[in-house]
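Student: Before I trust any labels, I'd like to go through them one by one. Can you walk me through the reasoning?

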Amino acid sequence: MKNLIEIGCKSEIGAFLVTSEKNMRYFAGFSTLAIERFAGIVIPVETGAPVVIVPKLEETKAQERSAFKEIRTYSDSENPAVVLNKVVKELKLEKGVFGVEGTLPFRFYRMLVESSNIRAEDASATFSQLRIIKSEEELKTMQKAADIVAGGIKAGIEFIRPGVSELAISSEIERTIKENGGESIPFCIVLSGANSALPHGETTSRKVDAKDVVLMDIGAVYDGYYADLTRTVFVGEATKKQREIYHVVAQAEEAAIKSVRSGIKAEEVDTIARNVIEKAGYDKYFTHRTGHGLGLEVHEEPYITQGNKTILKPGMTFTIEPGIYLPREFGVRIEDNIAVSENKGRMLSKLAKELTVI
Ligand code: CO
(Lines give C-alpha, C1' and ligand atoms only; values in the text may rest on other atoms or scores of the structure.)
Protein backbone atom coordinates (compact mmCIF):
# COMPACT_ATOMS: atom_id res chain seq x y z
CA MET A 1 0.00 0.00 0.00
CA LYS A 2 2.77 2.40 1.02
CA ASN A 3 4.59 1.71 -2.25
CA LEU A 4 1.43 2.23 -4.28
CA ILE A 5 0.97 5.65 -2.68
CA GLU A 6 4.62 6.52 -3.40
CA ILE A 7 4.16 5.64 -7.07
CA GLY A 8 0.92 7.64 -7.17
CA CYS A 9 2.65 10.68 -5.66
CA LYS A 10 5.20 10.73 -8.47
CA SER A 11 2.50 10.62 -11.16
CA GLU A 12 -0.61 12.60 -12.01
CA ILE A 13 -2.78 9.85 -10.53
CA GLY A 14 -5.03 11.14 -7.75
CA ALA A 15 -6.45 7.79 -6.72
CA PHE A 16 -6.47 4.11 -7.61
CA LEU A 17 -9.56 2.00 -8.09
CA VAL A 18 -8.95 -1.70 -7.49
CA THR A 19 -11.74 -4.15 -8.35
CA SER A 20 -10.09 -7.43 -9.38
CA GLU A 21 -10.23 -10.30 -6.91
CA LYS A 22 -6.44 -10.76 -6.89
CA ASN A 23 -5.55 -7.09 -6.41
CA MET A 24 -8.19 -6.67 -3.70
CA ARG A 25 -6.67 -9.67 -1.96
CA TYR A 26 -3.19 -8.19 -2.39
CA PHE A 27 -3.96 -4.73 -1.00
CA ALA A 28 -6.77 -5.33 1.50
CA GLY A 29 -6.07 -8.94 2.49
CA PHE A 30 -9.51 -10.09 1.45
CA SER A 31 -11.59 -10.37 -1.68
CA THR A 32 -15.22 -10.83 -2.49
CA LEU A 33 -16.66 -13.61 -4.56
CA ALA A 34 -16.33 -11.65 -7.79
CA ILE A 35 -19.29 -12.62 -9.88
CA GLU A 36 -21.28 -9.67 -11.19
CA ARG A 37 -21.79 -7.34 -8.23
CA PHE A 38 -19.48 -4.34 -7.92
CA ALA A 39 -16.79 -4.51 -5.24
CA GLY A 40 -13.74 -2.32 -5.07
CA ILE A 41 -11.31 -0.20 -3.13
CA VAL A 42 -10.78 3.50 -3.76
CA ILE A 43 -7.24 4.40 -2.69
CA PRO A 44 -6.69 8.17 -2.66
CA VAL A 45 -3.02 9.09 -3.10
CA GLU A 46 -3.05 12.28 -1.01
CA THR A 47 -4.58 10.96 2.21
CA GLY A 48 -3.67 7.30 1.70
CA ALA A 49 -6.90 6.33 3.51
CA PRO A 50 -8.70 3.74 1.35
CA VAL A 51 -12.45 3.19 1.21
CA VAL A 52 -13.80 -0.29 0.55
CA ILE A 53 -17.13 -0.72 -1.26
CA VAL A 54 -18.80 -4.13 -1.11
CA PRO A 55 -22.30 -5.57 -1.56
CA LYS A 56 -24.24 -5.69 1.71
CA LEU A 57 -23.98 -9.49 1.88
CA GLU A 58 -20.17 -9.24 2.06
CA GLU A 59 -20.16 -6.62 4.85
CA THR A 60 -19.32 -8.95 7.77
CA LYS A 61 -16.54 -10.64 5.81
CA ALA A 62 -15.07 -7.24 4.92
CA GLN A 63 -15.27 -6.02 8.53
CA GLU A 64 -13.49 -9.13 9.75
CA ARG A 65 -10.84 -9.51 7.10
CA SER A 66 -10.18 -6.21 5.38
CA ALA A 67 -7.01 -4.35 6.32
CA PHE A 68 -8.97 -1.15 5.58
CA LYS A 69 -11.75 -0.39 8.02
CA GLU A 70 -13.63 2.32 6.10
CA ILE A 71 -16.30 0.13 4.51
CA ARG A 72 -19.38 1.21 2.52
CA THR A 73 -22.07 -1.14 1.34
CA TYR A 74 -25.07 -1.24 -0.98
CA SER A 75 -28.03 -3.59 -1.06
CA ASP A 76 -29.24 -5.49 -4.13
CA SER A 77 -31.98 -2.86 -4.63
CA GLU A 78 -29.48 0.02 -4.59
CA ASN A 79 -27.23 1.18 -7.41
CA PRO A 80 -23.53 0.74 -6.53
CA ALA A 81 -22.71 3.70 -8.80
CA VAL A 82 -24.40 5.99 -6.26
CA VAL A 83 -22.15 4.73 -3.45
CA LEU A 84 -19.05 4.97 -5.62
CA ASN A 85 -19.86 8.52 -6.70
CA LYS A 86 -20.52 9.55 -3.12
CA VAL A 87 -17.13 8.23 -2.04
CA VAL A 88 -15.46 10.00 -4.96
CA LYS A 89 -17.12 13.30 -3.94
CA GLU A 90 -16.24 12.94 -0.27
CA LEU A 91 -12.62 12.38 -1.20
CA LYS A 92 -12.75 15.36 -3.61
CA LEU A 93 -11.62 13.21 -6.53
CA GLU A 94 -14.33 14.22 -9.05
CA LYS A 95 -11.88 15.86 -11.41
CA GLY A 96 -8.90 13.62 -10.88
CA VAL A 97 -7.06 10.91 -12.77
CA PHE A 98 -7.83 7.38 -11.57
CA GLY A 99 -5.35 4.55 -11.96
CA VAL A 100 -7.39 1.44 -12.84
CA GLU A 101 -6.74 -2.16 -13.85
CA GLY A 102 -6.57 -2.97 -17.56
CA THR A 103 -9.15 -5.67 -16.89
CA LEU A 104 -11.65 -3.28 -15.25
CA PRO A 105 -15.09 -4.36 -16.52
CA PHE A 106 -16.59 -1.78 -18.87
CA ARG A 107 -19.72 -1.40 -16.73
CA PHE A 108 -17.57 -0.52 -13.70
CA TYR A 109 -15.58 1.91 -15.84
CA ARG A 110 -18.81 3.64 -16.81
CA MET A 111 -19.89 3.87 -13.16
CA LEU A 112 -16.66 5.67 -12.43
CA VAL A 113 -16.53 8.19 -15.28
CA GLU A 114 -20.16 8.81 -16.26
CA SER A 115 -21.24 11.31 -13.65
CA SER A 116 -17.90 13.03 -13.06
CA ASN A 117 -14.92 14.50 -14.86
CA ILE A 118 -12.72 11.60 -13.91
CA ARG A 119 -10.19 10.30 -16.39
CA ALA A 120 -9.16 6.65 -16.06
CA GLU A 121 -5.65 5.49 -16.84
CA ASP A 122 -4.36 1.94 -17.11
CA ALA A 123 -2.23 1.31 -14.01
CA SER A 124 -1.81 -2.45 -14.60
CA ALA A 125 1.96 -2.07 -14.88
CA THR A 126 2.09 -0.38 -11.47
CA PHE A 127 0.08 -3.16 -9.84
CA SER A 128 2.18 -5.95 -11.37
CA GLN A 129 5.40 -4.07 -10.53
CA LEU A 130 4.37 -4.22 -6.86
CA ARG A 131 3.11 -7.78 -6.93
CA ILE A 132 6.17 -9.15 -8.73
CA ILE A 133 8.32 -8.73 -5.58
CA LYS A 134 7.08 -10.99 -2.79
CA SER A 135 7.53 -10.20 0.90
CA GLU A 136 8.96 -12.74 3.34
CA GLU A 137 5.42 -13.44 4.51
CA GLU A 138 4.25 -14.15 0.96
CA LEU A 139 7.27 -16.41 0.36
CA LYS A 140 6.45 -18.42 3.48
CA THR A 141 2.86 -18.83 2.28
CA MET A 142 4.11 -19.99 -1.13
CA GLN A 143 6.45 -22.49 0.55
CA LYS A 144 3.51 -23.89 2.46
CA ALA A 145 1.49 -24.09 -0.78
CA ALA A 146 4.38 -26.00 -2.38
CA ASP A 147 4.57 -28.39 0.60
CA ILE A 148 0.86 -29.13 0.21
CA VAL A 149 1.15 -29.82 -3.53
CA ALA A 150 4.28 -31.95 -2.94
CA GLY A 151 2.27 -34.01 -0.44
CA GLY A 152 -0.42 -34.50 -3.08
CA ILE A 153 2.09 -35.71 -5.67
CA LYS A 154 3.67 -38.12 -3.16
CA ALA A 155 0.22 -39.57 -2.46
CA GLY A 156 -0.35 -39.83 -6.22
CA ILE A 157 2.92 -41.72 -6.70
CA GLU A 158 2.01 -44.17 -3.94
CA PHE A 159 -1.40 -44.70 -5.51
CA ILE A 160 -0.11 -45.46 -9.02
CA ARG A 161 -0.20 -49.08 -10.13
CA PRO A 162 -1.16 -50.82 -13.38
CA GLY A 163 -4.91 -50.73 -13.87
CA VAL A 164 -5.76 -47.46 -12.06
CA SER A 165 -7.06 -44.65 -14.21
CA GLU A 166 -5.58 -41.17 -14.65
CA LEU A 167 -8.76 -39.72 -13.12
CA ALA A 168 -8.49 -41.98 -10.07
CA ILE A 169 -4.88 -40.88 -9.50
CA SER A 170 -5.92 -37.24 -9.95
CA SER A 171 -8.73 -37.64 -7.44
CA GLU A 172 -6.34 -39.19 -4.88
CA ILE A 173 -4.00 -36.21 -5.32
CA GLU A 174 -6.87 -33.70 -4.96
CA ARG A 175 -8.19 -35.38 -1.85
CA THR A 176 -4.77 -35.32 -0.19
CA ILE A 177 -4.22 -31.65 -1.08
CA LYS A 178 -7.59 -30.61 0.38
CA GLU A 179 -7.04 -32.66 3.54
CA ASN A 180 -3.75 -30.82 4.03
CA GLY A 181 -5.31 -27.36 3.72
CA GLY A 182 -5.24 -26.66 -0.03
CA GLU A 183 -8.18 -24.34 -0.74
CA SER A 184 -8.65 -24.93 -4.42
CA ILE A 185 -7.03 -27.02 -7.11
CA PRO A 186 -7.53 -25.31 -10.47
CA PHE A 187 -5.69 -28.06 -12.31
CA CYS A 188 -4.68 -31.58 -11.38
CA ILE A 189 -3.41 -33.08 -14.62
CA VAL A 190 -2.42 -36.76 -14.74
CA LEU A 191 -1.22 -38.06 -18.10
CA SER A 192 -0.13 -41.63 -18.75
CA GLY A 193 1.54 -43.41 -21.65
CA ALA A 194 1.45 -41.46 -24.91
CA ASN A 195 -0.83 -38.85 -23.29
CA SER A 196 2.25 -37.61 -21.41
CA ALA A 197 3.64 -36.37 -24.73
CA LEU A 198 0.96 -33.63 -24.75
CA PRO A 199 2.33 -30.71 -22.67
CA HIS A 200 -1.22 -29.60 -21.82
CA GLY A 201 -3.08 -32.85 -22.17
CA GLU A 202 -6.32 -33.69 -20.39
CA THR A 203 -6.78 -36.23 -17.64
CA THR A 204 -8.85 -39.15 -18.95
CA SER A 205 -10.19 -42.52 -17.82
CA ARG A 206 -7.22 -44.23 -19.50
CA LYS A 207 -5.82 -46.93 -17.21
CA VAL A 208 -2.12 -47.06 -16.41
CA ASP A 209 -0.29 -49.86 -18.24
CA ALA A 210 2.25 -52.29 -16.81
CA LYS A 211 5.00 -50.28 -18.50
CA ASP A 212 4.00 -46.64 -18.61
CA VAL A 213 5.13 -43.11 -18.03
CA VAL A 214 2.94 -41.05 -15.68
CA LEU A 215 3.21 -37.25 -15.63
CA MET A 216 1.48 -35.25 -12.89
CA ASP A 217 1.15 -31.43 -13.16
CA ILE A 218 -0.65 -29.97 -10.16
CA GLY A 219 -1.57 -26.37 -9.31
CA ALA A 220 -3.17 -25.58 -5.97
CA VAL A 221 -3.81 -22.58 -3.75
CA TYR A 222 -3.02 -22.07 -0.08
CA ASP A 223 -4.05 -18.81 1.61
CA GLY A 224 -4.52 -17.23 -1.81
CA TYR A 225 -1.10 -18.22 -3.20
CA TYR A 226 -0.23 -20.78 -5.84
CA ALA A 227 2.16 -23.67 -6.06
CA ASP A 228 2.57 -25.43 -9.41
CA LEU A 229 4.63 -28.64 -9.50
CA THR A 230 5.20 -31.43 -12.01
CA ARG A 231 6.77 -34.85 -11.60
CA THR A 232 7.15 -37.69 -14.08
CA VAL A 233 7.52 -41.29 -12.93
CA PHE A 234 7.84 -44.69 -14.62
CA VAL A 235 5.77 -47.79 -14.00
CA GLY A 236 7.33 -51.29 -14.21
CA GLU A 237 10.53 -50.18 -15.90
CA ALA A 238 12.21 -47.21 -17.55
CA THR A 239 13.74 -47.94 -20.94
CA LYS A 240 17.20 -46.71 -21.88
CA LYS A 241 15.67 -43.91 -23.95
CA GLN A 242 13.31 -42.92 -21.12
CA ARG A 243 16.20 -42.79 -18.66
CA GLU A 244 18.26 -40.69 -21.05
CA ILE A 245 15.46 -38.19 -21.61
CA TYR A 246 14.65 -38.01 -17.91
CA HIS A 247 18.27 -37.18 -17.12
CA VAL A 248 18.45 -34.50 -19.81
CA VAL A 249 15.31 -32.80 -18.43
CA ALA A 250 16.59 -33.11 -14.85
CA GLN A 251 19.95 -31.62 -15.87
CA ALA A 252 18.24 -28.75 -17.72
CA GLU A 253 16.09 -28.04 -14.69
CA GLU A 254 19.04 -28.17 -12.30
CA ALA A 255 21.17 -25.90 -14.53
CA ALA A 256 18.35 -23.34 -14.73
CA ILE A 257 17.80 -23.50 -10.96
CA LYS A 258 21.54 -22.99 -10.32
CA SER A 259 21.58 -19.94 -12.60
CA VAL A 260 18.89 -18.08 -10.63
CA ARG A 261 20.24 -15.05 -8.78
CA SER A 262 19.63 -11.33 -8.52
CA GLY A 263 20.82 -9.51 -11.65
CA ILE A 264 20.36 -12.25 -14.28
CA LYS A 265 17.79 -11.67 -17.05
CA ALA A 266 14.67 -13.85 -17.20
CA GLU A 267 15.55 -14.96 -20.76
CA GLU A 268 19.03 -16.05 -19.68
CA VAL A 269 17.52 -18.64 -17.32
CA ASP A 270 15.49 -19.94 -20.26
CA THR A 271 18.62 -20.08 -22.44
CA ILE A 272 20.50 -22.13 -19.85
CA ALA A 273 17.77 -24.79 -19.67
CA ARG A 274 17.37 -24.74 -23.46
CA ASN A 275 21.13 -25.19 -24.08
CA VAL A 276 21.25 -28.41 -22.03
CA ILE A 277 18.36 -29.86 -24.05
CA GLU A 278 19.80 -28.63 -27.34
CA LYS A 279 23.20 -30.21 -26.60
CA ALA A 280 21.48 -33.55 -26.05
CA GLY A 281 19.77 -33.13 -29.44
CA TYR A 282 16.19 -32.80 -28.20
CA ASP A 283 15.64 -29.04 -28.67
CA LYS A 284 12.79 -29.47 -31.13
CA TYR A 285 10.94 -31.50 -28.53
CA PHE A 286 11.12 -28.76 -25.88
CA THR A 287 8.16 -26.77 -27.16
CA HIS A 288 7.46 -24.23 -24.42
CA ARG A 289 9.11 -21.60 -22.24
CA THR A 290 11.14 -22.64 -19.20
CA GLY A 291 8.75 -21.10 -16.66
CA HIS A 292 6.26 -18.50 -15.54
CA GLY A 293 5.86 -16.19 -12.57
CA LEU A 294 3.73 -17.46 -9.72
CA GLY A 295 1.90 -15.79 -6.83
CA LEU A 296 -1.74 -14.83 -6.39
CA GLU A 297 -2.09 -15.92 -10.00
CA VAL A 298 -0.77 -19.13 -11.51
CA HIS A 299 0.67 -17.30 -14.51
CA GLU A 300 2.05 -13.82 -13.87
CA GLU A 301 5.26 -11.86 -14.32
CA PRO A 302 8.12 -12.68 -14.72
CA TYR A 303 7.86 -15.11 -17.65
CA ILE A 304 11.04 -17.18 -18.09
CA THR A 305 11.12 -17.00 -21.84
CA GLN A 306 13.21 -15.78 -24.79
CA GLY A 307 12.73 -12.05 -25.28
CA ASN A 308 12.00 -11.26 -21.61
CA LYS A 309 14.80 -8.92 -20.58
CA THR A 310 13.39 -8.37 -17.07
CA ILE A 311 16.28 -8.39 -14.61
CA LEU A 312 15.51 -10.81 -11.79
CA LYS A 313 15.43 -9.27 -8.34
CA PRO A 314 15.14 -10.71 -4.81
CA GLY A 315 11.55 -11.68 -4.02
CA MET A 316 10.53 -12.60 -7.58
CA THR A 317 8.99 -16.08 -7.77
CA PHE A 318 8.48 -18.41 -10.72
CA THR A 319 8.45 -21.97 -11.98
CA ILE A 320 11.30 -23.81 -13.68
CA GLU A 321 9.75 -26.53 -15.82
CA PRO A 322 11.67 -27.80 -18.83
CA GLY A 323 10.24 -30.79 -20.68
CA ILE A 324 10.85 -33.09 -23.63
CA TYR A 325 7.86 -34.51 -25.49
CA LEU A 326 8.24 -37.24 -28.11
CA PRO A 327 4.93 -37.17 -30.01
CA ARG A 328 2.86 -40.35 -29.66
CA GLU A 329 5.58 -41.89 -27.44
CA PHE A 330 5.95 -40.18 -24.06
CA GLY A 331 6.89 -36.92 -22.39
CA VAL A 332 8.92 -35.91 -19.35
CA ARG A 333 8.56 -32.63 -17.44
CA ILE A 334 9.98 -31.68 -14.06
CA GLU A 335 8.67 -28.49 -12.46
CA ASP A 336 9.68 -26.71 -9.29
CA ASN A 337 8.98 -23.29 -7.75
CA ILE A 338 11.77 -20.91 -6.86
CA ALA A 339 12.30 -17.42 -5.46
CA VAL A 340 15.19 -15.11 -6.28
CA SER A 341 17.46 -14.13 -3.42
CA GLU A 342 20.70 -12.12 -3.53
CA ASN A 343 23.28 -14.63 -4.80
CA LYS A 344 21.16 -17.65 -5.60
CA GLY A 345 17.70 -19.08 -5.88
CA ARG A 346 15.69 -20.15 -2.87
CA MET A 347 13.65 -23.27 -3.52
CA LEU A 348 10.00 -22.92 -2.54
CA SER A 349 9.26 -26.54 -3.43
CA LYS A 350 11.05 -29.45 -1.86
CA LEU A 351 10.19 -32.72 -3.54
CA ALA A 352 12.51 -35.56 -4.60
CA LYS A 353 13.21 -35.80 -8.32
CA GLU A 354 15.44 -38.83 -8.67
CA LEU A 355 14.26 -41.10 -11.46
CA THR A 356 11.47 -43.15 -9.89
CA VAL A 357 10.30 -46.55 -11.13
CA ILE A 358 7.19 -47.81 -9.37
CO1 CO B 1 3.54 -24.37 -14.61
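Tutor: Sure, here is a run through the metal site, some backbone oddities and the aromatic rings, keeping in mind that this is a predicted model.

Student: Let's start with the metal. Which residues are the protein donors of the cobalt ion?

Tutor: Asp 228 (OD), His 292 (NE2), Glu 321 (OE) and Glu 335 (OE). A donor has to be an N, O or S atom within 2.8 Å of the metal, and these lie 2.1 to 2.4 Å from the cobalt ion, so they qualify. Along the sequence, the spacing reads D-x63-H-x28-E-x13-E.

Student: What makes the arrangement of the four donor atoms irregular?

Tutor: The angles. Four donors count as tetrahedral if all angles lie between 85 and 135 degrees, but around the cobalt ion they run from 75 to 148°. Square planar needs opposite donors over 155 degrees apart, and the angles here stop at 148°. Neither label fits, so the arrangement is irregular. Bear in mind that water is not among the atoms, so sites may look incomplete.

Student: And where do His 292 and Glu 321 lie?

Tutor: His 292 is in strand β10 (residues 291-293), while Glu 321 is in the loop between β12 (317-320) and β13 (323-326), so the pair ties together parts 29 residues apart in sequence. Both His 292 and Glu 321 are buried.

Student: How do you know that β10 and β11 pair?

Tutor: Pairing takes at least two bridges, and two bridges join β10 to β11, so they pair. They run antiparallel and form a hairpin with six residues between them. Gly 293 stands opposite Glu 300 in β11. Strand β11 (residues 300-304) also holds Pro 302, which a cis peptide bond joins to Glu 301, with omega about -5°.

Student: Lys 92 and Asp 223 caught my eye. What is the sign of phi in each?

Tutor: Positive, although neither is a glycine. Phi is near 55° for Lys 92 and about 50° for Asp 223. Lys 92 sits in the loop between α4 (80-90) and β5 (97-100), and Asp 223 in the loop between β8 (212-222) and β9 (225-235).

Student: Why is Lys 92 called exposed, and Asp 223 partly exposed?

Tutor: Exposed means over 50% relative accessible area; Lys 92 has 71%, so it is exposed. Asp 223 has 38%, which is between the 20% and 50% limits, so it is partly exposed.

Student: On to the rings. Why is the pair of Phe 27 and Phe 127 called edge-to-face?

Tutor: There are seven aromatic pairs in the count. For Phe 27 and Phe 127, the centres are 5.9 Å apart and the planes make 65°; that is within 6.5 Å and over 60 degrees, so edge-to-face it is. The pair links helix α2 (residues 21-28) to helix α6, 100 residues apart. Phe 27, at 6% relative accessibility, is buried, and so is Phe 127 at 3%.

Student: What makes Phe 106 and Tyr 109 stacked instead?

Tutor: Their planes are 25° apart, with 6.0 Å centre to centre. Under 30 degrees counts as stacked, so the label holds. They are three residues apart in helix α5 (residues 106-113), about one helical turn.

Student: Last one: how do you know that Lys 144 lies over the face of Tyr 222?

Tutor: The limit is 6 Å from the ring centre, and Lys 144 is at 5.7 Å. Arg 161 passes too, with its charged end 5.6 Å from the ring centre of Phe 159.

Notes: Residues numbered from 1 in each chain as written. Predicted model: local features only at pLDDT ≥ 70, side-chain atom pairs only at ≥ 80, totals over all residues. Heavy atoms only, no water. Donors = N, O, S within 2.8 Å, 3.2 Å for Na, K, Ca; no water. Tetrahedral: all angles 85-135°; square planar, octahedral: opposite > 155°, others 65-115°. Helix = DSSP H or I, 4+ residues; strand = E, 2+ residues; numbered from the N terminus. Buried < 20%, exposed > 50% of the residue type's maximum accessible area, 1.4 Å probe, protein only. Lys NZ or Arg CZ within 6 Å of the ring centre and 35° of its normal.
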